[in-house]
Amino acid sequence: MEKKSRPPCYSIALLSATSLAYEVLLIRLFSIIQWHHFAYMIISLALLGYGVSGTFLSLTSSRLLPRFPKAYIVNVILFGLSTVGCYLMAQNISFNPEEILWDAGQPLRLLLIYLLLTLPFFFVANSIGLTLARYGSEISRVYASDLMGASMGSLGVILLLFLVFPSTALQVLGTMAIVAAALAWWEMKLHPRPVAFVLILFSIIPLLLPASLMKPVVSPFKGLNQMLNISGTRIVEEISSPLGLISILESPMVPLRHVPGLSLNATDEPLPQLGLFTDADAMTVITAHPKSREKLAYLDQTSSALPYHLFKQEKILILGAGGGSDILQANYHGVEQIDAVELNPQIIELVQEKYKEFSGQIYSAPNVNIHIAEARGYVSGSRESYDLIQVALLDSFGASSAGLYALSENYLYTVEALQEYVNHLSVEGMLAISRWIKLPPRDTLKLFATAVEALRQSGIDDPEKRLVLIRGWQTSTLLVKNSPFTTEEMVRMKKFCRERSFDLAYYPGITKAETNRYNILQEPYFYLAARALLSNDSESYIQNYKFNLHPATDDRPYFSHFFRWETLSEILSLRGQGGMPLLEWGYLMLIATLIQALVASLVLIFLPLLLFRRKSGYVPPKISRSRVGGYFFVLGLAFLFIEIAFIQKFILFLHHPLYATATVLASFLLFAGLGSAWSRRYANSDTYKTGVKLSVIAIVVVGLLYLIVLGPIFSLLGWMPAMIKILLSVLLIAPLAFSMGMPFPLGLARLGKVAPGFIPWVWGVNGCASVLSAVLATILAIHFGFMVVVFSALILYCLAMISFQKGWGDQ
């Protein structure tokens, strides 16, 4: 057997960087291919790969460890090849989440995609697990290299996505993985030495794959692909960044007519348009520059034009400028000052520069100030007051009506957000929010309930006097005023609706006879709901409604989550009778992922572990399998509970799921790696109990403190530039992550001395818990909020500390 050299720490660091970059990249790719980033599923399948690897190594380590260099390098190469190969195979599996209850093959396809994308993580986990087992006396060093490399990778991929398209980034990662194999060959001083250079040449293969092969296969049900079914349509340009894949579409044969909420009475012809899609959906348009103001008259025929008819707007704020339709609407009504906020600078560049002759550079108009920022962060940092704050309708009708946004964390429509908007209104100012109409009603009603709660929590005694709700055939518009609506405003509102055949749903003093006149429903559902939500018995109405109408909050920012288990039996009974509008597919996807994670964990981790337990030989005295296994199991749950909760919570601060995921993962892994390195002093001095006890106490204290202070910190500093907020996020996470990095390596180090054969086994146990916790944390957050998820994690850490006190051999 070869001489035991130092561990390939540089290779481990590069390998872990590539692995975490791949994990974050999959989140970006899923956002393009499907309607959601599926961060919880990506993290879960990555951890499944680690868990299955632990079980695999438990059964095979005795044969692989004597051949460690070759086993390590083969697994690294397989990781590099499978990052691209498994993605391409998964692309060829036709999966549609909307058919998951109707087509028995869809859950199996989801499982197959899940397992295929797990495979690369299985190979990388084999490499790391073998290294940990091989170099038991240097576990802290290897573990620190692993975590710190991973932290660099999760941030590095963000920089990479600014330079190349996501599909090209995937090819780069495949190359980096094979380079890590070459680096390991060099680090371990293996012979013949030129093999390292051969591996570097071999690493170029992923980069040579044709772009057409790597292009993401977008769901045929997303808006862009639906538009491409129209004769003559074509994509004229695509640009990409971490914020989204932007596609520009033209339709010379069948002109685009995208005017959400347009009255059926409208007779004015819309101007020529170019379609602008983000991640193949969320359509907005770039509108041709009007030759005269009158050419914009069609924009006055939408439900969102209502506030301009109630009183003269001099200064307004548009949240979500997109292609500029809302700015054109404001210009038609002669607004003197328009502040517009757009998150993605590439959209601004397209409108202002590349298509300036078509758009007329609307963002350069003297009365327009464009701000590149996140909507809520801009509002919280602004000292301005506005006559109107308008929240643009930018999400897709198809995805919204199917419930595919149910898992999206949306901080624009929470109680706290609406309070922030109202606080930035002038005395007579209004907040206007338009939403797609869904039947049976849910989206509009939840928004109304959230507005009522926001006013009540702000100390407003008469919220019923400050709300107006109208609806057309396609959209609804809610107005929230900073003071009671006047009689004159109500007269103007009725005239506006009557001329456009919009239905009155609620205004102060409304009667049932005034509702449901034009777009007739079986019952005046919106009116009845509004009256109930304003009554003293509103909670009873919410509890008995078929959909979840509880107001969204910053602790539970899932505005589009409407699913209630109480309606499931009714849904199933209507399976063949048009019951699809009752379903919220996003939430069902989450439950399906939990089930498949549970099944995969049982079959691929627990059952083999039981086999290992029966076949394993000598168990050292005083070693308790239940205590040792329980310790690593609850650590797997607790670590991921906090990590997932922080990813979702930091979206409020960093304003984009990819930024939040990358920053939180990087911070936790970097400082957990430093905590792991620090834990060596406890391992070297044989004071394992002290190290675990002190780290858990620190976790509990800091965790409880953050439950209190994170919200106010985010509110206070939300206006700051993105890079500053990323640095602040890293600093906030650092003390908690540092402490969380200590219990796991201390447990491994202890086992390395008294029962090294247990290391692969506990690696698998920890991985199994982590697989479940990534999904379970999301479910808990949806139902109970982030505070409950974090508090549960703190309890689990305390249980881990208790289980570490005895049953660990001779301590």
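Here is a friendly exchange about a predicted model, its strands, helices, loops, salt bridges and surface.

Colleague: Before we start, which pLDDT do local features need in this model?

Modeller: This is a predicted model in which side-chain atom pairs count only at pLDDT 80 or more, totals for chains, interfaces and linings use all residues, and local features need pLDDT of at least 70. Residues are numbered from 1 along each chain as its sequence is written, and side-chain values use heavy atoms, with hydrogens and water left out. The value you asked for is a pLDDT of at least 70.

Colleague: Thanks! Let's begin with strand S5: how many of its residues are buried?

Modeller: Strands (E, at least two residues) and helices (H or I, at least four) are DSSP runs, numbered from the N terminus. Buried means under 20% relative accessible area, exposed over 50%, and partly exposed in between, with a 1.4 Å probe and protein chains only. In S5 (residues 315–319), Lys315, Leu317 and Leu319 on one side are buried, as are Ile316 and Ile318 on the other. The count of buried residues in S5 is five of five.

Colleague: Why would the residues of a strand split between two sides like that?

Modeller: In a regular strand, side chains alternate between the two faces of the sheet. In S5, one side holds Lys315, Leu317 and Leu319, and the other holds Ile316 and Ile318.

Colleague: Which residue of S8 stands opposite leucine 317?

Modeller: Two strands pair if DSSP finds at least two bridges between them. S5 pairs in the parallel sense with S8 (residues 386–391) over four bridges. Within S8, the residue opposite leucine 317 is isoleucine 389.

Colleague: And which helix joins S5 and S6 in a β-α-β unit?

Modeller: S5 and S6 (residues 337–342) run parallel and are joined by five bridges, with lysine 315 opposite glutamine 337. The unit is right-handed, a term that applies if, with the strands pointing away from the viewer, the path from the first strand over the helix to the second runs clockwise. The helix in this unit is H10 (residues 325–332).

Colleague: Moving on to H16, how many of its 15 residues are buried?

Modeller: H16 (residues 443–457) reaches 21 Å from its first C-alpha to its last, close to the 21 Å expected at 1.5 Å a residue; the expected span is 1.5 Å times one less than the number of residues. Among its buried residues are Leu445, Leu447, Phe448 and Val452. The number buried is twelve.

Colleague: Where is proline 440, the residue after a cis peptide bond?

Modeller: The bond from leucine 439 to proline 440 has omega near -5 degrees. Another cis bond runs from histidine 191 to proline 192, with omega near 0 degrees. Most peptide bonds are trans. Proline 440 is in the loop between strand S9 (425–436) and H16.

Colleague: Is aspartate 279, with its positive phi, buried or exposed?

Modeller: Most residues other than glycine have a negative phi, but aspartate 279 has a phi near 50 degrees. Aspartate 279 lies in the loop between strand S3 (273–278) and strand S4 (281–287). At 9% relative accessibility, aspartate 279 counts as buried.

Colleague: On to charges: how many residues apart are lysine 354 and glutamate 237?

Modeller: These two form a salt bridge, with the closest N and O atoms 2.8 Å apart; the term needs a side-chain nitrogen of Lys or Arg within 4 Å of a carboxyl oxygen of Asp or Glu. The pair links lysine 354 in helix H11 (residues 345–354) to glutamate 237 in strand S1 (residues 234–241). Lysine 354 is partly exposed at 45% relative accessibility, whereas glutamate 237 is buried at 18%. Along the chain they are 117 residues apart.

Colleague: Finally, which helix gives the most to the nonpolar patch?

Modeller: The patch covers about 650 Å² and includes Leu115, Ile595 and Leu604. Patches are made of residues with over 30% relative accessible area and no salt bridge, with like charges joined within 9 Å and nonpolar side chains (Val, Leu, Ile, Met, Phe, Trp, Tyr) within 5 Å; areas come from the Shrake-Rupley method with a 1.4 Å probe, and for residues only the protein chains shown count as cover. Leucine 604 is partly exposed, with a relative accessible area of 33%. With seven residues, the helix that gives the most is H21 (residues 585–615).
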